[in-house]
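Thanks for making the time this morning. I would like to walk you through one chain, starting from a spot on its surface and working towards the inside. Please keep the picture in view while I talk.

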Amino acid sequence: MRPEGAPWRVVVVGVGNELYADDGVGVVVARELAAAGSPAGVEVIEGHVGGLDLLFDMEEADHVIFVDAVAMGRAPGEVAVFTPEQVKLLPPGTVASLHHIGLEQVLGLAELMGVTPNLHVVGIEPERVAPGLALSEAAARAVPVALAEVRRLLREDGLTCEAQLAPSP
């Protein structure tokens, strides 16, 4: 967390593999958010396949917003926002995401490490997760909806102005 008097720090992480069609939708949302400009104090990261590396993105953040294709069992392209508490209440395997390890494991490890920012997951139900570079029509239609949800969460933090894209290593 931030030291007394330090500016508020928010991290938006787009997660996904762009080589697997809709799985890359989180990265597309992050890229569009960065291109359109986001509030000062917001770091936009293309987290790609993430896994344990996402823990480093969470360190010293006050609020983390993950955007990812999430198999929720909903209609393709549907967008939902989850808190960690809501993720823990879902049946195991419902939120099958974050690629190398599950979301619940990432959140559990973060808690054990004392990394406990305010956290949201903006999930987009994929239609097609298979080799391919293009998003399905449903996922493409979900991009502006997911962007609107991210911006709503940022407004709730009272943030305004511009941020730059921080590509993953």
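Leu 19 sits in the loop between E1 and H1, and, in this predicted model, Leu 19 counts as exposed because its relative accessibility is 53%, where exposed means over 50%. Together with Tyr 20, Val 129 and Leu 133, Leu 19 makes a nonpolar surface patch of about 430 Å². As a general background, nonpolar side chains in soluble globular proteins tend to be buried together.

Let me stay with that loop for a moment, since Ala 21 also lies in it, between strand E1, residues 10-15, and helix H1, residues 25-36. Ala 21 has a positive phi of about 50 degrees, although it is not a glycine. For context, most residues other than glycine have a negative phi. Is Ala 21 buried or exposed? Ala 21 is buried, because its relative accessible area is 1% and the cut-off for buried is under 20%.

There is a second residue to set beside Ala 21, namely Glu 60, which is not a glycine and has a positive phi, near 60 degrees. Glu 60 is found in the loop between helix H2, residues 53-58, and strand E3, residues 63-69. Glu 60, however, is exposed, with a relative accessible area of 61%.

That brings us to E3 itself. How many of the seven residues of E3 are buried? Seven of the seven are, so the strand is largely enclosed by the rest of the structure. In a regular strand, side chains alternate between the two faces of the sheet. In E3 both faces are covered, with His 63, Ile 65, Val 67 and Ala 69 buried on one side, and Val 64, Phe 66 and Asp 68 buried on the other.

As for its partners in the sheet, E3 runs parallel to E1, and five bridges join the two, while seven bridges join E3 to strand E5, residues 118-124, again in parallel. His 63 is a convenient residue to follow here, as it is the bridge partner of Val 10 and, on the E5 side, is paired with Asn 118.

Now to the inside. The largest nonpolar core has 24 residues, and those that touch the most other members are Val 12, Ile 65, Val 67, Val 122, Ile 124 and Val 150. The elements that give two or more residues to this core are E1, H1, strand E2 at 42-48, E3, E5 and helix H5 at 137-156, and H5 gives the most, with eight residues.

If we take Val 12 and leave aside its neighbours within four places in sequence, its contacts include Leu 33, Val 44, Ile 65, Val 67, Val 150 and Leu 154. Apart from this core lies another, of 20 residues, among them Val 15, Met 58, Val 70 and Val 115.

Finally, let me step back to the whole chain, which has five helices and six strands, arranged from the N terminus on as β-α-β-α-β-β-α-α-β-α-β. Buried residues make up 48% of the 169 residues. Among contacts with a separation of 6 or more, 83% come from residues 24 or more positions apart. The chain exposes about 8,100 Å², and carbon and sulfur atoms supply 56% of that area.

Note on methods
Residues are numbered from 1 along each chain as its sequence is written. This is a predicted model: local features need pLDDT of at least 70, side-chain atom pairs count only at pLDDT 80 or more; totals for chains, interfaces and linings use all residues. Side-chain values use heavy atoms; hydrogens and water are left out. Helices (H or I, at least four residues) and strands (E, at least two) are DSSP runs, numbered from the N terminus. Buried means under 20% relative accessible area, exposed over 50%, partly exposed in between (1.4 Å probe, protein chains only). Patches are made of residues with over 30% relative accessible area and no salt bridge: like charges are joined within 9 Å, nonpolar side chains (Val, Leu, Ile, Met, Phe, Trp, Tyr) within 5 Å. Accessible areas come from the Shrake-Rupley method with a 1.4 Å probe; for residues, only the protein chains shown count as cover. A salt bridge is a side-chain nitrogen of Lys or Arg within 4 Å of a carboxyl oxygen of Asp or Glu. Two strands pair if DSSP finds at least two bridges between them. A nonpolar core is a set of buried Ala, Val, Leu, Ile, Met, Phe, Trp, Tyr and Cys residues joined through side-chain atoms within 4.5 Å. Contact means heavy atoms within 4.5 Å.
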